[in-house]
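Below is a short note for a colleague who has not seen this structure before. Please read the points with the sequence and the structure open.

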Amino acid sequence: MKTIKILGSGCANCKRLEALARKVVADLGIEVEFEKVTDMNEIMKYPILSTPGLVIDGKVVSSGRIPAEAQIAAWLKE
């Protein structure tokens, strides 16, 4: 099973990224475990400069922006 982590403080963009990722997962019909990481000490362990961050299976795929649905889908299919 794939895992998705949303890195961020819980700001509007973080919530929008999580909602978008959940929509893509539902559209693809795949099983994914979601985790929200809001602790700044945990977030700082990842190589990102700004939030929101998107981590799929331990790999940072996006930070500081909200990627397009198609891009998230492509990352999940890898």
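1. pLDDT is the predictor's confidence in each residue, on a scale from 0 to 100. The score applies here because this is a predicted model. Across the protein chain the mean pLDDT is 96, and 100% of the residues reach 70 or more. Among the elements of the chain, the lowest mean, 95, belongs to helix α2 (residues 40–43). Strand β3 (residues 53–56) has the highest, 98.

2. On the nonpolar interior: the largest nonpolar core has 16 residues. I4, L54, I56, I72 and L76 are the members with the most contacts inside this core. Two or more residues each come from β1 (2–7), α1 (12–28), β2 (32–37), β3 and α3 (69–77). Helix α1 gives the largest share, 5 residues. In soluble globular proteins, nonpolar side chains tend to be buried together.

3. Which residues does I4 touch, leaving aside those up to four places away in sequence? The list is V25, V32, E33, F34, E35, L54, V55, I56 and L76. L54, I56 and L76 are also named among the core residues with the most contacts. Apart from this core lies another, of 6 residues, including L7, I43, I48 and V55.

4. On the cysteines: how many disulfides does a search of the whole structure find? The number is 0. For C11, the closest cysteine sulfur is that of C14, at 3.0 Å. A disulfide needs the two sulfur atoms within 2.5 Å, so this pair is too far apart for a bond. Seen from C14, the closest cysteine sulfur is in C11, again at 3.0 Å. As for exposure, C11 is partly exposed, with a relative accessible area of 29%, whereas C14 is buried, at 4%.

5. On S62: this residue lies in strand β4 (residues 59–63). Is S62 buried or exposed? S62 counts as buried because its relative accessible area is 4%, and the cut-off is under 20%. Not counting residues up to four places away in sequence, S62 touches P52, G53, L54, P67 and W75. L54 in that list is also one of the residues with the most contacts inside the largest nonpolar core.

6. On Q71: its place is in helix α3. Q71 is partly exposed, with a relative accessible area of 34%. Q71 and V24 are 47 residues apart along the chain, and their C-alpha atoms are separated by 9.8 Å.

Definitions and conventions:
Residues numbered from 1 in each chain as written. Predicted model: local features only at pLDDT ≥ 70, side-chain atom pairs only at ≥ 80, totals over all residues. Heavy atoms only, no water. Helix = DSSP H or I, 4+ residues; strand = E, 2+ residues; numbered from the N terminus. Buried < 20%, exposed > 50% of the residue type's maximum accessible area, 1.4 Å probe, protein only. Contact = heavy atoms within 4.5 Å. Core = buried A, V, L, I, M, F, W, Y, C linked by side-chain atoms within 4.5 Å.
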